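Reader: Please take me through one part of this model slowly. I am in my first year, so explain each term as you go.

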Amino acid sequence: MRLLFDENAPVLEIKDLSVSYSTRAGEIPAVIDFSLTVQKGESVGLVGESGCGKSTVAMAIMQHMGQNGAIKSGSIRFKGVELTKLRQEELRQLRGSKISMIYQEPFAALNPSLTLGRQLMEVPIVHEGVGEQEARARAIRVLGDVRIPDPERVMTAYPHQISGGQQQRVVIAMALLSNPALLLLDEPTTALDVTVEAGITKLIGDISKQYGTSQIYISHNLGLIREVCDRVSVMYSGEVVEEGTIYSLFTRPKHPYTHGLFGCIPLPSADKNAAPLRPIRGQLPLPHERPHGCNFGPRCDFFQAGRCDAKDIPMIAITGDGATADHRARCIRWSEIDFGATLARGQAKDPMEIGRTVLEVERMQKYYEVTDRSLAAIISGKRVRYVKANESLDFDARRGETVAIVGESGCGKSTFAKVLIGLETATGGEVRHDGQNIANIPVRGRTSKQIGSLQMVFQNPFDTLNPSHSIGSQIARVIKKFGVETDKAKIRERVLALLDTVKLPRDFYYRRPRQLSGGQKQRVGIARAFAGNPSMVIADEPVSSLDVSVAAAVTELLMDIQRKHKTTLLFISHDLSVVRYLADRIVVMYLGQIMERGTTEQVFGPPYHPYTEALLSAVPIADPQVTKREIVLEGNLPSVLNPPKGCPFTTRCHRKIGRICDDERPPMQMAAEGHAIACHIPLADLRQVEPVITARRDQGRPQVAQHT
Amino acid sequence: MAQATTLTVPAPTSGAALPRALRSLGLLRESWVGMVGAGLVLFWVAVALLAPLIAPFGPNATLVPFQKPGAAFAGNASVPPGTFWLGTDHLGRDILSRLIWGSRTVLTYAPLATLCAYTVGSIMGLAAGYLRGWVDDVLSRIADIILSFPVLVLYVIIIATFGASPINIIFAITFASGPGIMRIVRGLTLDLRSREYVAAAETRGDSPWRIMLVEILPNARGPVIVDACLRLGYVTITIGVLGFLGLGLPPPNPDWGGMINEARSMAMAFPHMTLFPCFAISSLILGFNLLADGLREISLRD
């Protein structure tokens with residue numbers, strides 16, 4: 001049976017959709033009263049923090065909600081056809097042909113035991129019944145469209161033989177092969193590096209124009225949504241709280257939650273001293289404990305008892321003040337609230353005093369030995385090869401200072417952290433902490449004072465605490481181990497004091513990690529790192545896996561504690577916007593080498609290293625007042641086993657000047673006091689480069705952008 | 001994010017650990033398979049505990065031989081009258097009483113042997129999985145060698161060499177099932193050792209054994225408990241088999257496997273002598289297996 005589509009109807013029309021999951025705790029409403037219309041060729045963003053129901057909406061559109069999910073009410077129409085009433089075989093006609101979905105992790109979406117060509121050709125063969133020859137021709141054509149450099153070769157390759165960015169391109173190609181009318185993208189670039197993400201994002205935009213495909217783009221990243229979408233719906237606790245065009249919503253957010261979100265992201269206008277982030281207080285209500293009336297009520301600064309909690313709040317159209325017609329917010333007080341009157345940014349704080357040098361790194365090297373057991377290697381005699389994870393690193397950090405190490409995955413930033421902490425030992429060079437060279441002392445050879453004064457906050461909040469032990473005992477263990485206190489009662493007292501410091505209730509002492517949210521776990525991780533009174537703390541992407549509002553709170557907390565203890569913070573991150581916000585000095589790394597280092601202002605303004613320039617351009621910014629120069633890097637990160645002989649960045653550099661880049665190591669050029677750039681291009685030429693990010697301040701959002 | 005914290009909060013008190021453990025056991029109610037298994041196991045545990053009270057006769061008392069099930073016993077000088085509910089064997093011992101007393105043997109030695117096997121297997125698995133390198137190579141090769149022998153031959157060799165005694169049975173079972181347990185624990189350890197809390201323990205300079213026993217082992221407990229339950233069943237079989245082969249506990253003390261062995265030649269004429277011990281063994285093993293299935297089922301649910 002063929003489905004009859006109405007080509008004049010909107011591509012997708014969702015009305016009053018409610019979806020529930022049944023679990024042990026009873027029925028949990030995941031999405032409530034959700035409406036959305038997507039016209040042909042339009043790109044709509046769904047943005048919200050984890051648990052807000054955005055992925056459930058996508059699953060409901062696909063009619064694939066698993067065993068325990070069910071649509072309770074409402075309708076989903078695709079080109080006039082009601083999806084909720086279709087039978088399984090009718091749905092199969094739609095899925096993957098009219099509606100395609102692209103998931104977060106490309107390596108999980110591709111079958112590792114089939115060639116990419118086979119997987120691509122399957123789509124037209126199954127859905128349209130075309131022959132092998134034509135399917136093959138179409139697959140190659142689409143691979144060219146998603147800018148895969150060598151489609152013929154990729155057709156015969158297996159998924160593991162191409163990079164993550166390439167894999168996601170293949171997944172997109174697969175989704176496009178059947179020429180779908182609607183593309184659902186669920187965080188398609190979250191698992192990728194920023195420079196790769198920039199390429200994919202641009203591709204998705206171009207493709208939808210070329211194919212006229214409508215898109216629903218799900219993301220937690222407001223900046224990304226701003227770059228790829230026409231309209232956006234902001235979700236909170238199962239409901240849309242605000243929707244509108246990108247410009248209208250981003251310049252004049254009217255719902256306190258949306259407004260709060262903007263206060264949580266490190267926009268270029270934020271500054272850790274003058275205009276710190278302003279986290280949203282409280283936390284997301286559990287789905288079965290949502291408050292009466294406005295869901296955001298308990299966390300809202302503009303909450304009025306009796307009005308906001310009286311009844312369910314409908315979506316209300318926003319008028320005036322240059323708002324577009326379809327700008328709506330779920331707030332009855334939107335016209336009364338004057339965001340300008342309240343300080344959207346947090347309280348200003350005094351800058352930190354920078355003290356003596358705490359860490360000196362001199363020509364530090366870390367090589368890993370790899371034994372090649374292949375026959376060719378045995379014949380040629382080159383059996384041992386080296387992975388140069390860190391190649392002659394040089395920098396220092398002072399007391400009270402925040403030094404950020406920035407780079408994409410595989411640049412050696414985590415290896416460096418391991419050497420510092422003593423999980424690995426350096427191959428060469430010196431690392432002096434408080435005057436003592438610790439480069440070659442593994443952690444078990446260090447004194448407990450040395451260990452205690454150099455601690456680490458880990459990346460993954462779900463992994464950082466041992467699920468089998470209580471919070472209190474895990475912090476107490478550190479105190480005992482480093483001999484800060486020995487008396488049992490005193491240890492306990494100190495643990496409780498530390499819980500106060502990281503703003504957690506004292507009865508968390510006996511809680512288990514699984515009873516805590518991600519942000520709370522990360523707070524415990526911070527408490528544990530500071531338990532031994534460290535002079536220096538290494539934070540390895542401590543907020544990268546947290547939600548925006550939680551990340552803001554944890555970032556602020558980390559800096560407050562740093563301020564109080566005058567600790568040196570070594571902040572490792574791939575996210576330049578966070579780094580700009582909190583770092584005093586920045587080290588940019590690529591393939592184990594330092595490309596550029598200097599103060600934050602120096603690194604973020606010209607002269608740039610071409611890699612820094614590309615990184616800056618790649619980071620999406622959620623501020624429509626900011627314009628960026630577009631630089632998309634071609635190619636993939638070279639293998640660490642076989643790095644380029646000359647400058648490591650030469651294979652992808654958009655400013656390559658010639659043979660010298662391939663053949664010779666670039667010199668460290670001093671652009672200013674403390675600002676070093678490793679590049680062959682003369683400084684005079686680099687100085688000519690325009691800034692990547694320029695802010696138009698003439699009509700800026702007055703509430704937020706009051707500081708520069 | 002809980003930010004509203006007052007500093008005057010009274011010192012927290014410890015959450016009771018026992019009710020929590022009981023509550024998670026209560027989840028077993030969601031799986032009827034698990035409930036049936038738990039019921040069977042608990043039935044035999046109760047029987048073993050109450051043996052002196054519920055057994056109608058002494059396990060080794062020779063009364064009237066070759067009685068059919070349900071035959072009445074008139075009583076004699078030292079034993080009061082009663083009924084042989086499951087009949088008697090060729091020496092005139094009451095089969096029901098021997099089954100009841102025999103449950104004590106199996107329910108003592110099966111858990112004890114499993115525990116010993118687990119202690120050895122876990123330590124080997126932790127060391128191999130966490131320390132890697134030559135320790136892993138040596139331990140894994142030892143395990144491979146032991147696992148390449150037919151298990152039954154291994155038992156016969158060990159017990160025939162060292163003699164049939166409870167200690168030797170436990171030793172034989174530990175020796176034969178330790179390597180299998182080691183492989184499971186090693187696999188779990190390989191996964192858990194890359195967790196950040198292990199890295200956190202390493203960066204504070206904790207000793208490897210502390211990391212293995214305190215940081216890693218407790219987190220491997222889920223799959224280990226399920227496997228232990230299944231393995232209890234296998235060990236019960238093994239003890240039965242050893243008894244049947246005459247390598248079990250020395251007579252005359254009741255042992256289910258031994259009872260089958262003794263009555264084997266008369267099975268055609270007097271089936272009740274072999275059938276009832278067989279039922280006892282299979283119901284206990286079924287109980288362990290269903291319980292393991294139930295535990296696995298509830299651990300997979302969210």
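Author: The close look goes to one strand, followed by a helix of the same chain.

This is a predicted model; local features need pLDDT of at least 70, side-chain atom pairs count only at pLDDT 80 or more, and totals for chains, interfaces and linings use all residues. Residues are numbered from 1 along each chain as its sequence is written, while chains are lettered from A and ligands numbered from 1 in the order in which they are written.

Start with strand β21 of chain A, residues 585-590. Strands are DSSP runs of E, at least two residues long; helices are runs of H or I, at least four; both are numbered from the N terminus. In β21(A), 6 of 6 residues are buried. Buried means 20 or more other C-beta atoms within 10 Å of the residue's own (12 or fewer is exposed, in between is partly exposed; C-beta atoms are placed from the backbone).

Now take the faces. Side chains in a regular strand alternate between the two faces of the sheet. One side of β21(A) carries R585(A), V587(A) and M589(A). The other carries I586(A), V588(A) and Y590(A). Both faces are covered.

Next, the neighbours. β21(A) pairs with strand β15(A), residues 402-406, in the parallel sense over 4 bridges. To pair, two strands need at least two DSSP bridges between them. Here V588(A) stands opposite V406(A). Strand β22(A), residues 593-599, runs antiparallel to β21(A), and 6 bridges join them. M589(A) has I594(A) of β22(A) as its bridge partner. The hairpin of β21(A) and β22(A) has 2 residues between the strands. L591(A) takes a positive phi there, near 50 degrees.

Now the helix. I526(A) sits in helix α17 of chain A. This residue is buried, with 24 other C-beta atoms within 10 Å. Leave aside neighbours within four places in sequence, and I526(A) is in contact with V457(A), V502(A), L557(A), L558(A) and I561(A). Contact means C-beta atoms, placed from the backbone, within 7 Å. V502(A) is 24 residues away from I526(A) in sequence, yet their C-alpha atoms are 7.5 Å apart.

Last, the link to chain B. The contact between the chains takes 35 residues from chain A and 23 from chain B. On the chain A side, α17 (518-530) is among the elements that give two or more residues; α14, α15 and α18 are the others.

Technical notes:
Two residues are in contact if their C-beta atoms, placed from the backbone, lie within 7 Å.
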